[in-house]
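Hi,

Here is the structure I promised to pass on. Have a look at it first, and my notes follow underneath.

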Amino acid sequence: MSFAEVFRAARKEKKLTQQQLADELEMDRSVISHYERGKSTPNFDSIPKICKILDLKYDDIFD
C-alpha cells in the first residue's frame, strides 16, 4: 500500500475527520487531503507526530 492509502485508512480507523486530524497536526485540512490523494508527503518533522496520533510505526507508512 502507498503512503496515501495507509494514511487515509489509519485516519478512518481512528474515526477522525480530515479537519480533526489537521487540527491535531496544526496544519490546514487541504494538506491532509493532499496526503490522502498522493499529491504530497509529510515533511520529516511531521512524521513522528503523524505516527503518534494515528498509532503507526514509520515502517507502516513508508515500507
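Which residues do ring pairs link into a cluster? They are Phe3, Phe7 and Tyr35, where rings of Phe, Tyr and Trp (its six-membered ring) pair if their centres lie within 6.5 Å.

Before the rest, a word on the source: this is a predicted model, in which local features need pLDDT of at least 70 and side-chain atom pairs count only at pLDDT 80 or more, while totals for chains, interfaces and linings use all residues. Residues are numbered from 1 along each chain as its sequence is written, and side-chain values use heavy atoms, leaving out hydrogens and water.

Back to the rings. The count of aromatic pairs comes to three. In one of them, phenylalanine 7 and tyrosine 35 meet edge-to-face (planes over 60 degrees apart), at 5.4 Å centre to centre and 85° between the planes. This pair links distant parts of the chain, 28 residues apart: phenylalanine 7 sits in helix 1 (residues 3–13) and tyrosine 35 in helix 3 (residues 29–36). Both phenylalanine 7 and tyrosine 35 are buried, meaning under 20% relative accessible area with a 1.4 Å probe, protein chains only.

As for the whole protein chain, it has five helices and zero strands, taken as DSSP runs (H or I, at least four residues, for helices; E, at least two, for strands). Of its 63 residues, 40% count as buried. Among contacts (heavy atoms within 4.5 Å) between residues at least 6 apart in sequence, 51% join residues at least 24 apart. The C-alpha trace spans about 25 × 20 × 20 Å along its principal axes.

Best wishes

Technical notes
Buried means under 20% relative accessible area, exposed over 50%, partly exposed in between (1.4 Å probe, protein chains only). Rings of Phe, Tyr and Trp (its six-membered ring) pair if their centres lie within 6.5 Å; planes under 30 degrees apart count as stacked, over 60 as edge-to-face and the rest as tilted.
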